[in-house]
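Here are my notes for anyone opening this entry for the first time. Have a look at the sequence and the model, then read through the points below.

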Amino acid sequence: MGKLTITNTIRRLRFDADEMTQKDLAEKVGVTRQTIVAIENAKYSPTLELAILISRVFDKPLEEVFNIHDAN
């Protein structure tokens, strides 16, 4: 099995949610704005718990927020 890449649609979802700010999302899920920035930019993969919390904020299934790609 090769390396997996995780991408996300958080930026688009924030825009669609009345242009929610990164800070607003961070406060809703209990992390810093910098953590949201890192997740959006695929510099940090969230824990499963955090990924679920983020998906719940947008009322979307986990698979609509996060996508896993095989790098091979």
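Among contacts in the protein chain between residues at least 6 apart in sequence, what percentage join residues at least 24 apart?

1. The share is 60%, counting contacts between residues at least 6 apart in the protein chain. Keep in mind as you read on that this is a predicted model.

2. Now the overall layout. The protein chain has 5 helices and 2 strands, and going along the sequence you meet them in the order β-α-α-α-α-α-β. The radius of gyration comes out at 12 Å, close to the 11 Å that the globule rule gives for 72 residues, so the chain is as compact as a globular protein of that length.

3. On dimensions and burial: the C-alpha trace spans about 40 × 20 × 20 Å along its principal axes. Of the 72 residues in the protein chain, 31% are buried.

4. Take a look at helix 2 (residues 22-29) and helix 3 (residues 33-40). Their axes come within 8 Å and cross at roughly 105°. That angle falls in the 65 to 115 degree range, which makes helix 2 roughly perpendicular to helix 3.

5. Who actually meets whom there? On the helix 2 side you'll find Gln-22, Lys-23, Leu-25, Ala-26 and Val-29, and they meet Arg-33, Ile-36, Val-37 and Glu-40 of helix 3. Sorted by character, the residues of this contact are 5 nonpolar, 1 polar and 3 charged.

6. Next, Thr-9, which sits in the loop between strand 1 (4-8) and helix 1 (10-16). Is Thr-9 buried or exposed? Its relative accessible area is 18%, and because buried means under 20%, Thr-9 counts as buried.

7. Staying with Thr-9, check its side chain: one of its polar atoms lies 2.8 Å from the backbone oxygen of Glu-64. If you set aside neighbours within four places in sequence, Thr-9 is in contact with Glu-64, Val-65 and Asn-67. So Glu-64 turns up both in that polar pair and in the contact list of Thr-9.

8. Last one: Ser-55, found in helix 4 (residues 48-57). With a relative accessibility of 5%, Ser-55 counts as buried. Leaving out neighbours within four places in sequence, Ser-55 touches Lys-60, Pro-61, Leu-62 and Val-65. Val-65 is worth clicking on, as it appears among the contacts of Ser-55 and also among those of Thr-9.

Terms used
Residues are numbered from 1 along each chain as its sequence is written. This is a predicted model: local features need pLDDT of at least 70, side-chain atom pairs count only at pLDDT 80 or more; totals for chains, interfaces and linings use all residues. Side-chain values use heavy atoms; hydrogens and water are left out. Axes are lines fitted to C-alpha atoms, for helices over the stretch in contact, and angles run from 0 to 180 degrees between N-to-C directions. Helices (H or I, at least four residues) and strands (E, at least two) are DSSP runs, numbered from the N terminus. Angles under 35 degrees count as roughly parallel, over 145 as roughly antiparallel, 65 to 115 as roughly perpendicular and the rest as oblique. Contact means heavy atoms within 4.5 Å. Ala, Val, Leu, Ile, Met, Phe, Trp, Tyr, Cys and Pro count as nonpolar, Asp, Glu, Lys and Arg as charged, and the others, Gly among them, as polar. Buried means under 20% relative accessible area, exposed over 50%, partly exposed in between (1.4 Å probe, protein chains only). A polar contact is a pair of N or O atoms within 3.5 Å; within protein, one must be able to donate a hydrogen and the other to accept it, and residues adjacent in sequence count only if both atoms are side-chain atoms. The radius of gyration is taken over C-alpha atoms; the globule rule is 2.2 Å times the number of residues to the power 0.38.
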